[in-house]
Every structure is written in C-alpha cells, then in structure tokens.
Amino acid sequence: MKFPGARLLARVVLALVAVAAVVVTVVGCSAAKDASKSDTAKANVGDCINVTKSSSTDAKTEPVDCSSEKAVYKIAQTFDKKTECPTDYTSYEETLAGGTTAFLCLAPNFKQDSCYNESPATGYKHVDCTTPEASFKVVKRIDGEADELLCGADADSFRLISETPKITFCLAKPKA
C-alpha cells in the first residue's frame, strides 16, 4: 500500500541513517587514534616512566609508580605536537603515520643512593651501582631548590632542574 509522502519519508530515513553512519565513523576514528597511543603517551603530568629499551629512534617505555627506583623520568609537560622542552628536560615523541601523536617533556626523577647510566643518544637508565655501565650515583637529592652549592664534598658533579619543581641532584662516580 502506498500513501502520499512515502517517497519523501523514505529519503528522510535514508538521510538520517547516512548521518548516523558518519557520526559513528568519526567517533570510532577518534577512539582508534587514542587507542593507538602507548601507555606512556597517555600518561599525565606528574606521572613517571621507566625506559625498558634505550634507543634514540625506538625507545620502549612504561608508566611506573614514581617511588620506584625504575621511575627514571617524571612527565613535566605534555603536548599533541612537537615542542621545544626546557634544557634540563629530555623529550619523548610518539609518532603514527609520520605525524606526532604525543610529545612529552621529561624531568629526571633520580633517587638518592641509586646509580644511572647516561647516554647522549638514549638518555638515562637505572642500573646497579656495581656494574661497569653505571655512569654516576646520586649521593644527595634536594627537592624544591636548584643550587649546586648545596652539594657537599662527596659530590663531584651535579644536575639541576631549574623549572618547577626545582631539584638539585648531587652526583659522584659509583664505587665498584
């Protein structure tokens, strides 16, 4: 049975179905884009990460509790595009299909009495103090201040984080 306006009603229904399909596709793509980010890229300012594989082009990282010895970096800033980080920080960039999906500025989160390996190409990694790869030991950590004069005679170098939060790391060569 046909009735007047049936053709118009059919067109309106088809148009509504098409709009609903477009909305589902757009929402699905947005969710898929976030789903493609690693746990590190989804982390927030103040969260900490561990570097499980050091590499200048393909590092592997994981979020960890900031109190862990393996929490080598604390996320200081997050961005959706490549940005210049303060000089005290290390940068982490995650890309997908040639575009940046996450860009993080990372502050060192060294623990007092712990040792680390430092590489210009791959950054910092927590290591056992007795291994030959240990570059330095943190003999003192001072939160809230960035002043190398606070380091004692047992320190032979230092690292300062002059951005908020300010931190002074007093360093020495590890004793094997």
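Which residues form one aromatic cluster? In this predicted model, the cluster consists of Tyr73, Phe110, Tyr116, Tyr124, Phe136 and Phe169. The search of the whole structure returned 7 aromatic pairs. In one of these pairs, the ring centres of Phe110 and Tyr116 lie 4.6 Å apart and the ring planes stand at 40°, so the arrangement is tilted. A description of this kind rests on the distance of the centres and the angle of the planes. Phe110 and Tyr116 are both buried. Another member of the cluster, Phe136, has a charged neighbour: the charged end of Arg159 is placed over the ring of Phe136, at 5.3 Å from the ring centre.

The overall composition of the protein is 2 helices and 10 strands. Along the sequence these elements are arranged as α-α-β-β-β-β-β-β-β-β-β-β. The protein has 176 residues, of which 28% count as buried. When contacts between residues at least 6 apart in sequence are considered, 46% of them join residues at least 24 apart.

Five of the strands belong to an open sheet. This sheet of 5 strands has the order S2-S1-S3-S5-S4, and its pairing is antiparallel. The edge positions are taken by S2 and S4, each of which has a single partner strand, so one side of each remains without a neighbour in the sheet. On average, and with direction ignored, neighbouring strands of the sheet are turned by 40° against each other. Within this sheet order, S3 and S5 pair in the antiparallel sense over 6 bridges. Phe79 has Phe103 in S5 as its bridge partner.

A further antiparallel pairing involves strand S6 (residues 115-119) and strand S7 (residues 123-127), which are matched over 5 bridges. The two strands are joined by a hairpin that passes through 3 residues. Tyr116, already described as part of the aromatic cluster, has His126 in S7 as its bridge partner.

The search for disulfides in the whole structure yielded 4. With bonded cysteines counted along the chain, their pattern is 1-2, 3-4, 5-6, 7-8. Three of these links are described below.

Cys48 and Cys66 form a disulfide in which the sulfur atoms are 2.1 Å apart. The link is right-handed, with 105° about the S-S bond. Cys48 lies in strand S1 (residues 48-53), while Cys66 is found in the loop between strand S2 (60-64) and strand S3 (73-79), so the disulfide ties together parts that are 18 residues apart in sequence. The two cysteines are assigned to separate classes of accessibility. Cys48 has a relative accessible area of 1% and is buried, whereas Cys66, at 23% relative accessibility, counts as partly exposed.

A disulfide also joins Cys85 to Cys105, with an S to S distance of 2.0 Å. The value about the S-S bond is -85° here, and the link is left-handed. This pair connects distant parts of the chain, with Cys85 in the loop between S3 and strand S4 (90-96) and Cys105 in strand S5 (residues 99-108), 20 residues apart. Cys85 and Cys105 are both buried.

The link between Cys151 and Cys170 has an S to S distance of 2.0 Å. The torsion about its S-S bond is about -85°, so this disulfide is left-handed. Cys151 is located in the loop between strand S8 (136-143) and strand S9 (157-161), and Cys170 belongs to strand S10 (residues 167-172), so the bond ties together parts that are 19 residues apart in sequence. Cys151 and Cys170 are both buried.

The loop between S8 and S9 also contains Asp156. The C-alpha atoms of Asp156 and Leu171 are separated by 6.1 Å, although the two residues are 15 residues apart along the chain. When residues up to four places away in sequence are not counted, Asp156 touches Leu171, Ala172 and Lys173.

Terms used: Residues numbered from 1 in each chain as written. Predicted model: local features only at pLDDT ≥ 70, side-chain atom pairs only at ≥ 80, totals over all residues. Heavy atoms only, no water. Disulfide = S-S within 2.5 Å. Helix = DSSP H or I, 4+ residues; strand = E, 2+ residues; numbered from the N terminus. Buried < 20%, exposed > 50% of the residue type's maximum accessible area, 1.4 Å probe, protein only. Pairing = 2+ DSSP bridges. Axes fitted to C-alpha atoms, helices over the stretch in contact; angles between N-to-C directions. Phe/Tyr/Trp six-rings, centres within 6.5 Å; stacked < 30°, edge-to-face > 60°. Lys NZ or Arg CZ within 6 Å of the ring centre and 35° of its normal. Contact = heavy atoms within 4.5 Å.
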